[in-house]
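Let's take a walk through a protein model together, one region at a time. Keep the structure open beside the text and look up each residue as it comes up.

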Amino acid sequence: MPVVTTTYEGDIALVSIDNPPVNALSQALRQGLWDAVGALDADPQVKAVVLICSGRTFIAGADVAEFGKPPMEPHLPDLVARIEGAAKPWVAAIHGSALGGGFEVAMGCRFRVAVPGASVGLPEVTLGIVPGAGGTVRTPRLAGVEAAVDLVTSGKPIRAEKARAAGLIDAVVEGDLRDGAVTFARVALSKPLPMPVSARPVVAPDAAFWAAREKAVARTAKGAIAPLRALDCLRKAAEMPFDEAMAQERATFLDLRGSEQAAALRHVFFAERAAPRPAALRQVAPLPLRSTAVIGGGTMGAGIIAALRGAGLPVILIERDEEAVARGLANVARTFDGAVKRGKLTATQAQALTDGVTGTTDYAALSDVDLVIEAVFEEIGVKRAVFAELGRHCRADAVLATNTSYLDPRLIAEGLPQAARFLGLHFFSPANVMKLLEIVPVPETSDQTLATGFALARLLGKMPVKAGICEGFIGNRILKRYRMAAEALVRRGVAIADIDAAMRDYGFAMGPFEAQDLGGLDIAYLQREGARAAGQAVPETLGDILVRAGRKGQKTGGGWYDYAADDRAARPSSVVAGLIGAWITPGRGMERAEIAPALIAEMAAEGQAILTEGIASAAADIDLVEIHGYGFPRWRGGPMFATRARE
Ligand code: T1G
């Protein structure tokens with residue numbers, strides 16, 4: 001099958017693209033479109049052209065897999081110019097997404113129509129590059145500079161309805177797209193044609209506009225360079241003639257395409273598409289997920305319930321007594337109320353979400369649920385008692401999952417009948433917000449149960465990563481190593497504040513000590529104490545000394561730092577200096593620039609051990625865990641990518 005075919009509906013030609021999975025602009029597709037322009041220009045029967053795609057989407061952009069290879073003719077900017085300069089007007093008929101080069105092709109067309117729910121966008125900055133075929137130059141000419149800055153520097157696609165309001169598309173067509181686009185073309189032919197986008201004027205904003213936008217973009221980019229370079233292209237697009245601005249954009253595009261950040265973001269792009277669909281499970285159908293239950297309505301349970309409700313699933317909440325049921329339901333309601341306050345939900349939506357949760361103390365209510373997630377206190381005896389009840393009351397094929405951070409899921413599952421349906425699911429707090437979900441099978445877990453865990457992640461919009469069993473699984477095991485390594489630097493005399501600042505400079509929102517102060521030092525402390533009580537040799541940490549002195553973090557007014565009342569600003573603490581002074585043996589100092597590489601190397605070394613032991617299936621999975629669960633800067637690609645041997 002050719003990737004581009006032409007059919008006719010009277011005097012309207014339909015150019016159809018069929019290049020699965022997402023109609024990416026491969027060389028064959030570019031050539032096919034190039035030839036179509038020539039053929040249709042030469043055909044006197046044809047008055048207008050509708051460009052339409054088969055499959056799940058309009059053109060989703062350049063082929064990301066071709067990025068590392070030498071570019072081949074026809075180049076995309078030339079193709080877009082050729083469509084724009086065609087003798088007949090082209091109408092882009094958009095369903096699914098018109099992204100990157102796909103939207104640039106659409107902007108080369110004289111008109112753009114889309115089905116409701118379709119989206120358009122220029123996600124290039126999320127790949128560490130800028131649009132390479134006129135995206136920064138045509139968007140301001142089409143929809144004004146403000147709308148262009150929002151679209152290009154965020155990289156976020158917008159829905160057809162919003163795109164219509166912004167002037168990015170001409171019409172939203174209800175019903176059949178092909179028929180709607182042909183009708184649109186006929187009506188358009190009866191009126192004077194608008195100018196091609198490249199010939200339209202653009203109103204250049206003043207210097208104050210650019211200064212304000214630069215500040216805002218730098219703040220959200222957090223070290224990523226592409227959004228700022230894109231903003232610079234947009235400014236040139238507003239201030240320079242079309243051709244000059246195109247040349248500037250192209251130069252920036254080629255410069256960034258070879259950059260380290262772009263390589264890292266491409267790595268994350270493919271990792272994020274591979275992790276949710278492990279090859280071993282491709283042929284395994286997940287079990288249906290229609291009804292769910294959560295055991296425990298504390299912080300974690302309530303967050304998990306909110307996530308399940310957000311995906312439209314009904315939830316039964318089980319707690320041990322009526323009072324706890326009421327508290328749990330209140331916790332869930334509070335989560336939705338928060339979303340209402342932030343303008344993310346209407347009060348009616350929040351009420352509907354809350355109404356979908358039924359609280360009870362009676363396990364008999366679980367006789368027909370498809371999935372149960374246990375999120376009770378991290379104590380093996382408590383958890384086992386829950387699973388004994390679940391074993392008695394749930395269907396034999398219901399998936400039974402434990403949410404645990406540190407306990408061994410094998411011990412929790414011990415004695416459970418039909419352990420093939422058992423699974424560990426490690427959610428991150430707040431569970432309705434954090435994207436990461438570690439999926440931890442036990443030896444008995446069936447492929448179908450595992451596939452259902454991945455299907456659940458998709459339903460919840462989470463990034464699932466399969467993890468084997470060890471203390472802390474993937475993420476918390478690396479976190480522990482990272483914190484120990486940071487403490488080791490303190491012990492050799494590096495200032496706490498310097499370590500945090502170095503990690504912030506690297507791209508984390510917080511350094512390791514600030515993060516502990518925010519989350520509380522006591523959880524890890526109690527866990528170490530538990531291990532010590534169980535006879536394990538756990539060395540004394542500086543964190544232990546602080547907790548014993550009552551310094552558990554911000555909640556107690558101090559941890560690694562001091563905090564004034566009503567102020568989250570961390571101040572270096574002379575009390576801490578006194579408490580840990582005896583443990584510090586100043587050795588060779590450390591340059592500020594050496595700190596982050598040293599700590600990232602420790603994370604990667606732990607990652608390598610995790611990989612060697614088979615706890616993680618791929619280095620890229622470890623990178624995803626760090627990016628989606630621990631604030632690792634996405635544009636660095638994760639610890640494994642950032643420290644890989646360069647070829
Ligand atoms: N290139 C190559 N492969 C791609 C691809 C692309 N652009 N987009 C998706 N795939 C593969 C993906 O790896 C997966 O493969 C399969 O398609 C389905 O993807 C000049 C420089 C369109 C919203 O960033 O956002 O244009 O795993 O699971 O959920 O300025 O794909 O099956 O083997 O994501 O239905 C800009 C990225 C490029 C679009 C569909 N474009 N894609 O979502 O499917 S830069 C993008 C998406 C550019 C110009 C520049 C989504 C989607 P496999 P999927 P989906």
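We start at the ligand, where 26 residues surround the molecule, and the closest are Ala60, Gly61, Ala62, Gly100 and Gly101. Keep in mind that this is a predicted model. Sorted by class, the shell around the ligand contains 14 nonpolar, 7 polar and 5 charged residues. Two elements, β5 (97-99) and α3 (101-108), each supply at least two residues of this shell.

**The domains**

Now step back to the whole chain. The domain assignment divides the protein chain into domain 1 (4-258), domain 2 (279-466) and domain 3 (475-614). Taken over C-alpha atoms, the centres of domain 1 and domain 2 are separated by 42 Å.

The UniProt record, an unreviewed entry, places the feature "domain: 3-hydroxyacyl-CoA dehydrogenase NAD binding" at residues 292-467. In the model, the span 292-467 is 42% helix and 20% strand, and its end C-alpha atoms lie 23 Å apart.

**Two open sheets**

Next come the strands. Strands of a sheet pair through backbone hydrogen bonds, either parallel or antiparallel. One open sheet has 6 strands in the order β1-β2-β3-β4-β6-β9, and its pairing is mixed. At its edges stand β1 (4-9) and β9 (171-172), each with a single partner strand, so one side of each is left without a neighbour in the sheet.

Try following this sheet from β1. The strands β1 and β2 run antiparallel and are joined by 6 bridges, with Val4 standing opposite Ile17 in β2. These two strands form a hairpin with 2 residues between them, and in this hairpin Gly10 takes a positive phi near 60 degrees. From β2 to β3 the direction is parallel, again with 6 bridges; here Ile12 has Ala48 in β3 as its bridge partner. Towards the β9 edge, strand β6 (residues 111-114) pairs with β9 in the parallel sense over 2 bridges, and the bridge partner of Ala114 is Val172 in β9.

Another open sheet is formed by 3 strands in the order β5-β7-β8, also with mixed pairing. Which strands stand at its edges? They are β5 and β8 (158-159), and each has a single partner strand, so one side of each is left without a neighbour in the sheet. Strand β7 (residues 119-121) pairs with β8 in the antiparallel sense over 2 bridges, and Val120 stands opposite Ile158 in β8. You have already met β5, which supplies at least two residues of the shell around the ligand.

**Less common backbone angles**

Most residues other than glycine have a negative phi, and most peptide bonds are trans. The table lists two cis peptide bonds to find in the model.

| Cis peptide bond | Omega | Loop that holds the proline |
|---|---|---|
| Pro20 to Pro21 | near 0 degrees | Pro21: between β2 (12-17) and α1 (27-41) |
| Glu73 to Pro74 | near -5 degrees | Pro74: between β3 (48-53) and α2 (76-84) |

There are positive phi values to look at as well. Asn23, a residue other than glycine, has a positive phi near 55 degrees. Asn23 is found in the loop between β2 and α1, and Pro21 lies in the loop between β2 and α1 too. Is Asn23 buried or exposed? Asn23 counts as buried because it has 25 C-beta neighbours inside 10 Å, and the cut-off for buried is 20 or more.

Gln418 also has a positive phi near 55 degrees. You can find Gln418 in the loop between α16 (409-413) and β15 (422-427). With 16 C-beta neighbours inside 10 Å, Gln418 counts as partly exposed.

**A helix and a loop residue**

Helix α21 (residues 522-533) has 12 residues and reaches 16 Å from its first C-alpha to its last, close to the 16 Å expected at 1.5 Å a residue. Just after α21, Gly535 takes a positive phi of about 95 degrees.

Our last stop is Met240, in the loop between α9 (226-239) and α10 (242-257). Met240 is partly exposed, with 16 other C-beta atoms within 10 Å. Met240 and Glu602 are 362 residues apart along the chain, and their C-alpha atoms are separated by 48 Å.

Technical notes
Residues numbered from 1 in each chain as written. Predicted model: local features only at pLDDT ≥ 70, side-chain atom pairs only at ≥ 80, totals over all residues. Helix = DSSP H or I, 4+ residues; strand = E, 2+ residues; numbered from the N terminus. Buried ≥ 20, exposed ≤ 12 C-beta atoms within 10 Å, placed from the backbone. Expected span 1.5 Å × (residues − 1). UniProt positions renumbered as here; feature names shortened; annotations may be inferred. Near = placed C-beta within 6 Å. Nonpolar A, V, L, I, M, F, W, Y, C, P; charged D, E, K, R; others polar. Pairing = 2+ DSSP bridges. Domains from an automatic or database assignment.
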